[in-house]
Every structure is written in C-alpha cells, then in structure tokens.
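This report describes a protein structure with attention to its nonpolar core, its helix packing and its backbone. Please keep the sequence and the coordinates at hand while reading.

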Amino acid sequence: MNPDLVLQNWQLFASGVWMTLQLTFLSLLIGFLIALPFGIMRARRVKYISPLINGYVYLFRGTPLLVQLYLIYYGFSQFEAVRESILWPILREAWWCALITFALNSGAYATEIIRGAISTTPKGETEAATALGMSPFQVTSLVLVPSALRRALPQYGNEVVFMLHGSAVASIITIQDILGAGRTLNAKFYVAYEGFITAALLYMAITFCLVGIFRQLEKRFLKHLDLKR
C-alpha cells in the first residue's frame with residue numbers, strides 16, 4: 001500500500017466523491033417524489049392504478065440493479081425509434097442512464113417503505129383528525145403522511161445507505177465515481193490495492209456520516225414513539 005500515491009491523486013478521488021454524492025442524492029430525491037404518491041395509492045389500493053404500481057415495484061425490486069442499468073444504458077440504444085427520438089440526447093449519456101436507473105430503483109423500494117408506514121399508522125390518528133372536521137385531503141396531507149414519514153425514517157435510512165453502495169455499479173458504464181476513481185488509479189499506476197482500499201474507506205466514511213445523521217433524526221422525530229435504535 002502506497003499512501004503517497006493516493007495523496008498525489010486526491011483530486012481524482014475528490015471528483016469521484018462528488019460524482020457519487022451527486023448521483024446518490026439526486027436519485028433519492030427523484031425516487032422519493034415517485035414513491036410518495038405511489039406509496040399513498042398502494043396503501044389506499046386505488047383501483048386500476050395500484051396493479052400498475054405493483055408491477056413497477058415488483059420489476060425493480062425483483063431484478064438486480066446492475067441488470068437494470070445494463071438494460072437502460074445498452075438496451076434502449078438497440079432500438080432505432082429510441083435513437084431517432086427526442087430522448088436520445090439523454091439516453092445516450094451514461095450519467096443520465098445511471099440517474100434514471102437509480103431513481104426508478106430507489107422509487108420502487110421507497111414506495112414499499114412508505115406504503116408499509118402508512119398501513120401501520122394507528123387508525124386513531126386519522127379518526128381523531130376526521131372528528132375535528134378535516135377533509136380527506138387534509139387528513140392525508142397533514143396527519144397521515146407526516147406521521148408515516150416519521151415512522152419510515154429507520155427503513156429509509158437503510159435505503160439511503162443501500163443506494164450509496166449500489167451507485168458503485170455506475171463505474172461499469174464509464175462514470176468516474178468513487179469506485180471508478182479507484183479503478184482508474186490502479187490501471188494508471190499498475191497497482192492492485194491502493195485504488196480499491198481508498199474507495200472502500202471513502203464509502204465507509206460517507207456511510208458513517210449518513211448513519212449518524214439518520215440516528216439524530218430518529219432521536220428527534222421518533223422519541224415520542226419510543227422507536228429509537
């Protein structure tokens with residue numbers, strides 16, 4: 001192990017960290033925006049729509065993330081209709097394909113997390129809100145969803161960490177994330193461990209920070225439920 005080699009190429013890893021964080025948090029944001037309405041509709045079992053959401057969730061939870069990335073990045077380019085469409089400038093770029101894949105994957109998992117949190121919310125909370133004269137929309141937006149999101153924090157914290165680790169597959173399609181930076185270092189200087197060990201340490205450091213953040217959030221928002229870890 002040659003630490004000097006890593007220090008001399010710190011900019012490579014700094015760029016990789018930025019790319020990883022960018023992909024991870026944009027994917028989580030888009031995935032959450034997908035999951036919130038989908039989770040509510042799944043919990044409410046909205047006619048005709050729920051089966052479609054079930055299919056989407058099953059598809060992205062039932063297949064490996066790497067396979068999904070390959071299908072979107074390499075698969076769409078095989079269709080002439082896609083190459084001639086207005087979406088081609090986006091779908092031909094590795095970064096956009098990775099973001100789309102990660103966002104859809106995260107959305108599927110977050111949909112189940114939100115659905116489960118809504119389903120386990122005590123009926124007394126919504127009944128009390130209804131008794132106060134709130135409309136169904138007010139009950140959902142002001143009582144049910146905030147309560148469910150608080151309960152979902154531990155599970156969603158796990159999803160954030162899984163998405164961070166899963167984002168490492170982006171290096172397979174030439175994206176220079178943390179793992180991609182490690183592979184580049186190893187290939188450039190013909191070393192075996194420096195790049196991968198540094199990448200592992202960076203992933204561990206980011207994970208440690210994320211776990212700490214979610215533990216603080218749980219202590220704040222779940223204290224009254226006695227659900228602290």
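Which residues of the largest nonpolar core touch the most other members?

## The nonpolar core

In this predicted model, the largest nonpolar core holds 39 residues, and those that touch the most other members are Leu23, Ala98, Phe102, Tyr156, Ile173 and Ile175. At least two residues of this core come from each of the helices α2 (10-44), α4 (65-75), α7 (94-119), α9 (136-151), α10 (153-166) and α12 (194-221). The helix that gives the most is α7, with 10 residues.

The surroundings of Phe102 can be listed residue by residue. With neighbours within four places in sequence left aside, Phe102 is in contact with Leu23, Ser27, Leu65, Met163, Gly166, Ser167, Val169 and Ala170.

## Ser106 in helix α7

Is Ser106 buried or exposed? This serine, placed in helix α7, has a relative accessible area of 0% and is therefore buried, the cut-off being under 20%. When residues up to four places away in sequence are not counted, Ser106 touches Ser27, Leu28, Gly31, Glu159 and Met163. Ser27 and Met163 also appear in the list of contacts of Phe102.

## Helix α10 and its enclosure

Helix α10 has 14 residues, which at 1.5 Å a residue should span 20 Å, and the distance of 19 Å between its end C-alpha atoms agrees with that expectation.

Because 10 of its 14 residues are buried, α10 is largely enclosed by the rest of the structure. The buried residues are Leu153, Pro154, Tyr156, Gly157, Glu159, Val160, Val161, Met163, Leu164 and Gly166, and what covers them includes α2, α4, α7, α9 and α12. Of these buried residues, Glu159 and Met163 are touched by Ser106, while Met163 and Gly166 are in contact with Phe102.

## Packing of α9 against α2 and α10

Two packed helices are described by the angle between their axes and the distance between the axes. For α2 and α9 the angle is about 105° and the axes lie 12 Å apart, which means that α2 is roughly perpendicular to α9, since angles from 65 to 115 degrees fall in that class. The residues that meet are Phe32, Leu36, Ile40 and Arg44 on the side of α2, and Thr140, Leu144, Val145 and Leu149 on the side of α9. Sorted by class, this contact has six nonpolar residues, one polar and one charged.

How are α9 and α10 oriented to each other? Their packing angle is about 60°, with the axes 5 Å apart, and α9 and α10 are therefore oblique to each other. In this contact, Leu149, Arg150 and Arg151 of α9 meet Leu153, Pro154 and Gln155 of α10, a set that by class has three nonpolar, one polar and two charged residues. Leu149 thus takes part in the contact of α9 with α2 as well as in the contact of α9 with α10.

## Positive phi values in two loops

Two tyrosines deserve a check of the backbone. Tyr48, in the loop between α2 and α3 (49-62), has a phi near 75°, a positive value in a residue other than glycine. With a relative accessibility of 66%, Tyr48 counts as exposed, because the cut-off for that class is over 50%.

Tyr190 is placed in the loop between α11 (178-189) and α12, and its phi is near 55°, again a positive value in a residue other than glycine. Tyr190 counts as exposed at 74% relative accessibility.

Definitions and conventions: Residues are numbered from 1 along each chain as its sequence is written. This is a predicted model: local features need pLDDT of at least 70, side-chain atom pairs count only at pLDDT 80 or more; totals for chains, interfaces and linings use all residues. Side-chain values use heavy atoms; hydrogens and water are left out. A nonpolar core is a set of buried Ala, Val, Leu, Ile, Met, Phe, Trp, Tyr and Cys residues joined through side-chain atoms within 4.5 Å. Buried means under 20% relative accessible area, exposed over 50%, partly exposed in between (1.4 Å probe, protein chains only). Helices (H or I, at least four residues) and strands (E, at least two) are DSSP runs, numbered from the N terminus. Contact means heavy atoms within 4.5 Å. Axes are lines fitted to C-alpha atoms, for helices over the stretch in contact, and angles run from 0 to 180 degrees between N-to-C directions. Angles under 35 degrees count as roughly parallel, over 145 as roughly antiparallel, 65 to 115 as roughly perpendicular and the rest as oblique. Ala, Val, Leu, Ile, Met, Phe, Trp, Tyr, Cys and Pro count as nonpolar, Asp, Glu, Lys and Arg as charged, and the others, Gly among them, as polar. The expected span of a helix is 1.5 Å times one less than its number of residues.
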